[in-house]
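Reader: I would like a close look at one part of this chain, with its surroundings set out residue by residue. Please start there and then work outward.

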Amino acid sequence: MAEVQSPEKKSGLRKFMLNSHSSLKRHKVVVPKIHEKTYGESLGFRTSILPSLKDLGPADLIHVSRLHKSSHKETGTYHYITGLDLSTVGGPIAYLSTIHLSDNSSKKSSSNNSVGTYCSWNCFTKGDLRIRKEFPAGNYSTSFIFGDRKKNALHNSGVTDRLWRETYVSSLIRALLFPDDPARHMPGMCQYNPVLSSTSAKYAVSELIYFLPKGYLVGCSNDVQQPTYVQNYLVDSVLKLVEITGLYDLALEKIEELISEKPTLKDEFRLLLVKLHLLNNNEVAAVGVLHEGLQVDPRDALLLNEQAKFVLKKNRPDLALTSASRSVAAAPAEFECWETLVKVHLRRKDYQSALLALNSCPMYSMRQSDIFKPLSPHDVEFPQPLDGKFEQIWNDAESKGPVFNNDGVLGLASKAEINATEPLLIRVYHSTRYSGTFKKSYALLAYLTKQIGWDEVLRLRSELFVMEEEYHKELNFQEEEEENDLEPGDQASRSESQTEKQSLNGKLEVPSSDTIHETRSRSISPHKRDIASEKFKSKRLCERWLDGLFLSLYDDLMVGLVWDSERKSGGANLTHSALEWELIGLSCFRSCNFEAGIAALKTTLSASFSIFSALALLQLYDFYETDPAEFRRLNLRVNIPSNLNQDYILELIVKTLAWSYRWYGDFSPFLAKLISRAIERDGSQLLKNKVQSKFHAEGIPMIMDRYVVWLEQFHTGDL
């Protein structure tokens, strides 16, 4: 059996952050505290970045300052939060008051005055809403600081109901999207459930939909070219919240009300109506809305794309091809349309067309997001929560620390672990950290390779594409032959001309795929130009980014091949560290070698809990459960029920929940979706009994019960 080397202790700032909680006494209400090096620096930094915020902004900031009368010195602590109810000023005031009452340092000396400040970014008006509460006096004030420095701040009564309403929806979007996006996490960030009751869930859905016409102001993900009415973070939040709560009828009703008030919005929100109907398994209504929309505008690219995906799911790639092709023709700059076309070709086993379509996909550069490196603290306190303890998982969590700053797997590893890891695995991990359209394109290339094999992919690439390096090599060869045919005087003139051109341009111009057959008549004679044209006339220029994906996929395949060879040789003497097993497993997942990847990641988790390994397995299982037919059609032959049975998945859910709860993560839409599905399958009582029987010695069953009870209210049918 494969062994796992024990990880060494961590060092540096992260180790300091992790170990600082050990001597703390438990508080009545536990929140993290980050101590400022300089008083007020967290508020000052937040104010300084306001003009640069473009989309969702950072998590809400809670700052507490204290005046120590004995030393006449002010100190400040802070932490971050998502999920607090900002529909009224009461929520932030109550939270600040709770922190004050629970703070041991406040109780030690009643003479110490403190001030709590709550900051929340408004995605619509682009400004920071701030509530300032004094203790023990009890006075509070509100202000709104615009991101645009030319505008004067508003105070108290100047902060209108509209601004409050916008800020509530902004905070709600962050509460729904941040928990499952590690790139948005900050050290010391509490993640609370924003919709604790069916009443608050209904209000949240209504408010989100009310602001749909302004959704384009909040930004969009990097796989979308630019935010639109139906492609933005607000729409993502609506779909996520409705999927968890099952409030489909309410959402559809509110959208219809919105359309009745503004009929011009009907065409804009048809796609959202279709998606809601499909999530609710109401295919008849979805098809009706699709048909109506395409009758109005036969060139609506996103509706055509949704139609293609729907038909493809019905196992009719022949019919899907027409819709996907029309979608691409209507919106050639829309990546999502090209992605669907590639999938259609894959399903039709037209691999040449799939690779050509992949090469034509528009790639979007990463736009600036509101993610900033955290300030270096003077000290930190990350006390353990009062309940929900899972000793093994919490010990593993505290040895690695919380996820923040998008560090990924290596961000939780010590330098000693990284230095002891196989360099190939480190290099491959760094070279394959794609995101946005590049990540999705990499997945499509991996699916293609899974279906036909690497050798066949290389043959297709050679048959369809001329690589940029190959094109220049041929071009230079023709130029050299041409020079050899010139008279000495012409060669000197030609050399001067080449030198002048290169000094102006720096390098030879790279031709586009549409002009690949054109060559410079000045450089190559008509006869030899015809020879080059004949050689490349049936090929297209391979995009540089796709060439890079080929190289990265080759590295991932190499890792998987080595691991498969080790397994087939018996594997009795295999010894890898937990980090190496994890990197091997994630590499296998990227190249669609799921059976090998599952084995590696399960080995990692048998040694110590890793949030990245757990999430990778849960996401694979979610894909399988959501659409098992599509999972099998993509030639992913791994036997999920035997490799990841329901009991093992439930154990993973509980452990992931425990890890998140240790770092103040009280809410995860992804975990809520998985638990909700388990309730539908097993029933709430059986699910609670399973967790209780397996983890009765730990405190985590109480947290799991809390999730189940919360989700039960959305399964009663009384909504």
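Author: Leaving out residues up to four places away in sequence, F372 touches F45, I49, S52, L53, M186 and N405, where contact means heavy atoms within 4.5 Å. This is a predicted model, in which local features need pLDDT of at least 70 and side-chain atom pairs count only at pLDDT 80 or more, while totals for chains, interfaces and linings use all residues. Residues are numbered from 1 along each chain as its sequence is written, and side-chain values use heavy atoms, with hydrogens and water left out.

F372 sits in the loop between α14 (351–360) and β10 (379–381). Helices (H or I, at least four residues) and strands (E, at least two) are DSSP runs numbered from the N terminus. Of the residues that F372 touches, M186 is 186 residues away along the chain, and the two C-alpha atoms are separated by 9.1 Å. For the protein as a whole, 73% of the contacts with a separation of 6 or more are between residues 24 or more positions apart.

α14 also borders the loop that holds K349, which runs from α13 (335–347) to α14. K349 has a phi near 60°, a positive value in a residue other than glycine. Most residues other than glycine have a negative phi, and most peptide bonds are trans. K349 is exposed, because its relative accessibility is 62%; the cut-offs are under 20% relative accessible area for buried, over 50% for exposed and partly exposed in between, with a 1.4 Å probe and protein chains only.

Next comes a helix pair. The axes of α15 (residues 391–400) and α30 come within 9 Å and cross at roughly 50°; axes are lines fitted to C-alpha atoms, for helices over the stretch in contact, and angles run from 0 to 180 degrees between N-to-C directions. α15 and α30 are therefore oblique to each other: angles under 35 degrees count as roughly parallel, over 145 as roughly antiparallel, 65 to 115 as roughly perpendicular and the rest as oblique. The crossing of the two helices is right-handed, that is, the near helix is turned clockwise from the far one by less than a right angle, with anticlockwise giving a left-handed crossing.

From α15, I393, W394, A397 and E398 meet K655, A658, W659, Y661 and R662 of α30. By class, the contact of α15 with α30 has six nonpolar, no polar and three charged residues; Ala, Val, Leu, Ile, Met, Phe, Trp, Tyr, Cys and Pro count as nonpolar, Asp, Glu, Lys and Arg as charged, and the others, Gly among them, as polar.

S660 also lies in α30, which covers residues 646–662. The C-alpha atoms of S660 and A397 are 8.9 Å apart, although their positions lie 263 residues apart in sequence. S660 counts as buried, because its relative accessibility is 19%.

Beyond this helix, Y664 lies in the loop between α30 and α31 (669–682). Y664 counts as buried because its relative accessibility is 8%. Its phi is near 70°, a positive value in a residue other than glycine.

As for the whole protein, there are 33 helices and 13 strands, and 54% of the 719 residues count as buried.
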